[in-house]
Amino acid sequence: MYPRRINWLLAAACILLAVLTPAVRADERSHRYTAGEEVVVWASTVGPFANSAETYDFFSLPYCNGPATAAPKHDTLGEALLGLAPVNLGVPARFGASSAPNSLLCTASLDPNRVAAFTRAVREAYRFQLVVDDLPVWGWVGRTSGEHHDSSSSSSGSAPRAPAAAPASNASLATGAVPTTNTSGARDATTPSQPRAYLYTHFDFRISTNNDRIIHVNLTTTNPRLLDPLPLVDAAAPALAVNFTYTVAFSTTTVPFSQRFEKYLDAGFFEHRVHWFSLANSLLLLAFLVALVVAILVRSLRRDFARYDVDIFDMDRDLLDGYDAGWRQVHADVFRAPPRTDLLAACLGSGAQLATLAIATIAYSAADAAYKEIADGVTAAVFIYAVTSGVNGAVSAAYCARYGGGSGSGGGSGARRQWWVRQALLSAALVPAASCAVFFAVNLVAIATHSARAIPFTSMVSLAAIFVFLVVPLTVIGAAVGRHYFGGARVSLSMLGASSTTLAGMAGAAMAGFPCRVSPIPRPIPDRTWHTHPWVLVLAGGVLPFASIFIEQYFLLTAVFGYRAGGAAYYYIYGWLALALVLVLASCACCSTVVAYVLLNAEDHRWHWASFCASASTAAYMFVYAAYYYAFKSQMHGLFQTVFYFGYTLAACGCMAVLLGTVGHLAATAFVLKLYRNVKLD
């Protein structure tokens, strides 16, 4: 019977393979080509060299298209979110077939307005980006008189270097405006203060292949054409005809396909000795924090336990002063539900989801031997976040249920029974709503400045559909599972020795699994010294974790925003990133544990939010460092660049605050549970 079933399965697999085989074809998506197949040159973006975050569509400058036609590049969700909308440049390139030298690509008719746009782009040291088989290459728009580029050639993996004397940015361009002419439509006159502009009109492509795959692409821009031969002031002046030419030459190489992105990897920067020193520094800080926590657990708590286990009837009455002071005094309040339990539970659920997202995204990126584009990573991150929404709902509902859920909320018994649905909706919307508010503001500025970073409306609709039809249902399902299987059983009011009227306003005064009962009346918090105030502990709690990660933050900011290899370096040391994440999470766990112990020892039972915010404050220091990086380490300027940088770093730091706060609070919770389970209580 089983061999017959196996035969049927093999037959079905063969039929499926036969049906799908015709659909598999060699093209740039599979990165395999047949002889003579079209190799599309995609035109991506253009922008100033000194301000790499300022990008516009390639055809915002009056370039022309060639005769070759190809279907528009299918944008992924990540490409749309990053503002990548490449258009076919029209270069008639065929795999393995070199073209004739200086073949005509197209002829552009430049009126005075278009000449002025090119002139300003050249004087602002604009460079463009093209993409061939997912390999980006860069080239200069042109040069000015008396200016010499170190190299007008750009290979895949290296960007053209800065000109010997790059002109200062124009004020109108610094605000993110598309280069245009003056209001009269006349060309800029050539004056001694403004050098003449030369437009590069020839694209020389050198493509290296290995069998049926493209390995390297080299682009050289040459043949400068003078744009302003005469100072024209008449807007009706005749158009200037400019011929754009191209050359495509193929050669072979022995470099394997898996190593074709190695030219993009800046090992001298990312693997610098400073990076190793930062790792050693982080390890020493973690060792210090672990030693501090061990000292608290072994010395302070052992002494406390020994003191509390003494039979007080065998002691002299004069020695009782101060005997029962410290964390044992707040045993009846330590497991009281914190203020805004629903919000804290939503933060913890979102933090657990973000932790899952971080682990999965780093693993996905590290497993990619061919170094996929950032857009692919963004697309993967969006869908990983969506499918892990159940983790968010389960953690938030379980935490809220342990503190009584909706027992103290109004609206009748029916509304109280549905508290977990409201909790799931709050947890599902917390991070997306805050992030979308930031992205929406950035997008408005991008649209106003005509930047290529503007997110299309269809992409926003796609994100909204993912949230409504995937994130929300999975979060609700996770909340139902977490409430039933991980929330624990409620303790009856009689167990607390109080009436229901007394506890009417207490959402979950006590839960099964907590080692202490909760008093119906909160204990007053005594006077304390300034260094035991919750806000002081919160601000101090994020210093050491930030010290363990700020070097890695510098490398990340440089990879994303700094100018290296055409605007951003390819970040590839995901092992370093994973190790840095582990170190900062361990540091936050230790710091939040210390903060909780100090608060409880000062007879302050408000440790829930304090332990969360102590670790979350690390993200505040990260944002301050990001502002320092913008002011002193980057070359970004202008309205859009400022909004873009601070908007996205604010969203990233906000997510880090939720993630780190979750880890810190869970570590402090484990510590507090362990602490009060090991002490004798009356």
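Tyr629 has a relative accessible area of 3% and is therefore buried, a word that here stands for under 20%, with exposed for over 50% and partly exposed for values in between (1.4 Å probe, protein chains only). The model in which Tyr629 stands is a predicted one, where local features need pLDDT of at least 70, side-chain atom pairs count only at pLDDT 80 or more, and totals for chains, interfaces and linings use all residues. Residues are numbered from 1 along each chain as its sequence is written, and side-chain values use heavy atoms, with hydrogens and water left out.

**Exercise 1. Aromatic rings**

Task: Find how many aromatic pairs the structure holds, and describe how the rings of Tyr33 and Phe95 and those of Tyr554 and Tyr629 are placed.

Solution, step by step:

1. Rings of Phe, Tyr and Trp (its six-membered ring) pair if their centres lie within 6.5 Å; planes under 30 degrees apart are stacked, those over 60 are edge-to-face, and the rest are tilted. By this rule the count comes to 30 aromatic pairs.
2. Tyr33 and Phe95 have ring centres 5.4 Å apart and planes at 10 degrees, and this pair is stacked.
3. The two residues are 62 apart in the sequence, Tyr33 being in the loop between helix H1 (2-20) and strand S1 (38-39) and Phe95 in the loop between strand S5 (93-94) and strand S6 (103-110); helices (H or I, at least four residues) and strands (E, at least two) are DSSP runs, numbered from the N terminus.
4. Tyr33 is buried at 5% relative accessibility, and Phe95 is buried at 8%.
5. For Tyr554 and Tyr629 the centres are 5.9 Å apart and the planes stand at 65 degrees, so this pair is edge-to-face.
6. This second pair joins helix H15, which holds Tyr554, to helix H17 (residues 607-632), which holds Tyr629, across 75 residues of sequence. Tyr554 is partly exposed, with a relative accessible area of 26%, whereas Tyr629 is buried.
7. Elsewhere, one aromatic cluster is formed by Phe58, Phe59, Tyr63, Phe118, Phe128, Phe203 and Phe244.

**Exercise 2. Salt bridges**

Task: Which parts of the chain does the salt bridge between Arg260 and Asp133 tie together, and are these two residues buried or exposed?

Solution, step by step:

1. A salt bridge is a side-chain nitrogen of Lys or Arg within 4 Å of a carboxyl oxygen of Asp or Glu, and the whole structure holds seven of them.
2. Between Arg260 and Asp133 the closest N and O atoms are 2.8 Å apart.
3. Arg260 is in the loop between strand S13 (240-252) and helix H5 (267-270), while Asp133 is in the loop between strand S7 (126-132) and strand S8 (135-140), so the pair ties together parts that are 127 residues apart in sequence. Both Arg260 and Asp133 are buried.
4. Next to Asp133 in the numbering comes Asp134, in the loop between S7 and S8; its phi is near 65 degrees, a positive value in a residue other than glycine, and at 17% relative accessibility Asp134 counts as buried.

**Exercise 3. Two further bridges**

Task: Describe the burial of each partner in the salt bridges of Asp204 with Arg206 and of Asp604 with Arg606.

Solution, step by step:

1. Asp204 and Arg206 meet at 3.1 Å, N to O; Asp204 is buried at 14% relative accessibility, and Arg206 is partly exposed at 41%.
2. Asp604 and Arg606 meet at 3.0 Å, N to O; Asp604 is buried at 0%, and Arg606 is partly exposed at 40%.

**Exercise 4. Enclosed space**

Task: How many cavities of 30 Å³ or more does the structure hold, and which helix gives the largest share of the lining of the largest cavity?

Solution, step by step:

1. On a 1 Å grid over the protein atoms alone, a cavity is a set of points where a 1.4 Å probe fits but cannot get out, and lining residues have an atom within 4 Å of a point. There are two cavities of 30 Å³ or more, and the largest has about 100 Å³ of space, where a volume is the space filled by probe spheres set on the points, joined across faces, edges and corners.
2. The largest cavity is lined by 15 residues, of which Ser278, Leu279, Ser282, Ser548 and Glu552 are the closest to its centre.
3. Helix H6 (273-308), helix H15 (550-560) and helix H16 (574-601) each supply at least two lining residues, and the largest share, five residues, comes from H6.

Note on methods: 1 Å grid on protein atoms, 1.4 Å probe; cavity = no way out; pocket = protein on both sides within 12 Å on 5 of 7 lines; lining within 4 Å.
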